[in-house]
Amino acid sequence: MKPYTYLLGWSSNNKFYYGVRYAKACDPADLWETYFTSSKHVKAFVACHGHPDIIQVRKVFDTRDQAIAWEH
């Protein structure tokens, strides 16, 4: 498990989302490949405006608690 924080953005809409992933067996390489966020707000925005053009892993952590604290 490699917990991480990430940034999703729609530059043409000036809309951004900062999230955290800490699920069992998660890996930063999964972001927007097999993991698309659990946020209902992001899912709704994607449905209306399409996929984000900014997809960045911002920081990788050793523990779930470190990742949660950083995102908070």
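This text goes through the sheet, the helices packed on it and the aromatic contacts of a predicted model.

The sheet is open and has 3 strands in the order S2-S1-S3, with antiparallel pairing. Its edge strands are S2 (15-21) and S3 (54-60), each of which pairs on one side only. On average, and with direction ignored, neighbouring strands of this sheet are turned by 20° against each other. Strands of a sheet pair through backbone hydrogen bonds, either parallel or antiparallel.

Strand S1 covers residues 4-10. S1 and S2 run antiparallel and are joined by 7 bridges. In this pairing, Trp-10 stands opposite Lys-15 in S2. The hairpin of S1 and S2 has 4 residues between the strands, and Asn-14 takes a positive phi near 55° there. On the other pairing, S1 and S3 also run antiparallel, and 6 bridges join them. Here Tyr-4 stands opposite Val-60 in S3, and Leu-8 stands opposite Ile-55 in S3.

Two helices can now be added to the sheet. Helix H1 packs on the sheet and touches S1 and S2; the direction of H1 makes about 30° with that of S1. Helix H2 (residues 64-71) packs on the sheet as well, touching S1, S2 and S3, and the direction of H2 makes about 155° with that of S2.

How many residues of S1 are buried? The count is 7 of 7, and the strand is mostly covered. In a regular strand the side chains alternate between the two faces of the sheet. For S1, Tyr-4, Tyr-6, Leu-8 and Trp-10 are on one side, with Thr-5, Leu-7 and Gly-9 on the other; both faces are covered, and all of these residues are buried.

The aromatic residues of S1 lead to the next topic. A pair of aromatic rings is described by the distance of the centres and the angle of the planes. A search of the whole structure finds 6 aromatic pairs. In one of them, the ring centres of Tyr-4 and Tyr-6 are 6.1 Å apart and the planes are at 55°, so this pair is tilted. Tyr-4 and Tyr-6 are both buried. Why does the pair of Trp-10 and Phe-45 count as edge-to-face? The ring planes of Trp-10 and Phe-45 are at 65°, and planes over 60 degrees apart count as edge-to-face. The ring centres of this pair are 4.8 Å apart.

Trp-10 lies in strand S1 and Phe-45 in helix H1 (residues 40-49), so the pair ties together parts that are 35 residues apart in sequence. Trp-10 counts as buried because its relative accessibility is 4%, which is under 20%. Phe-45, with a relative accessible area of 15%, is also buried.

Beyond single pairs, Tyr-4, Tyr-6, Tyr-17 and Tyr-35 form one aromatic cluster. Tyr-35 has a charged neighbour too: Arg-21 lies over the face of Tyr-35, at 3.9 Å from the ring centre. Another contact of this kind involves Trp-70, where Lys-59 lies over the face of the ring, at 4.9 Å from the ring centre.

Methods: Residues numbered from 1 in each chain as written. Predicted model: local features only at pLDDT ≥ 70, side-chain atom pairs only at ≥ 80, totals over all residues. Heavy atoms only, no water. Phe/Tyr/Trp six-rings, centres within 6.5 Å; stacked < 30°, edge-to-face > 60°. Buried < 20%, exposed > 50% of the residue type's maximum accessible area, 1.4 Å probe, protein only. Helix = DSSP H or I, 4+ residues; strand = E, 2+ residues; numbered from the N terminus. Lys NZ or Arg CZ within 6 Å of the ring centre and 35° of its normal. Pairing = 2+ DSSP bridges. Axes fitted to C-alpha atoms, helices over the stretch in contact; angles between N-to-C directions. Contact = heavy atoms within 4.5 Å.
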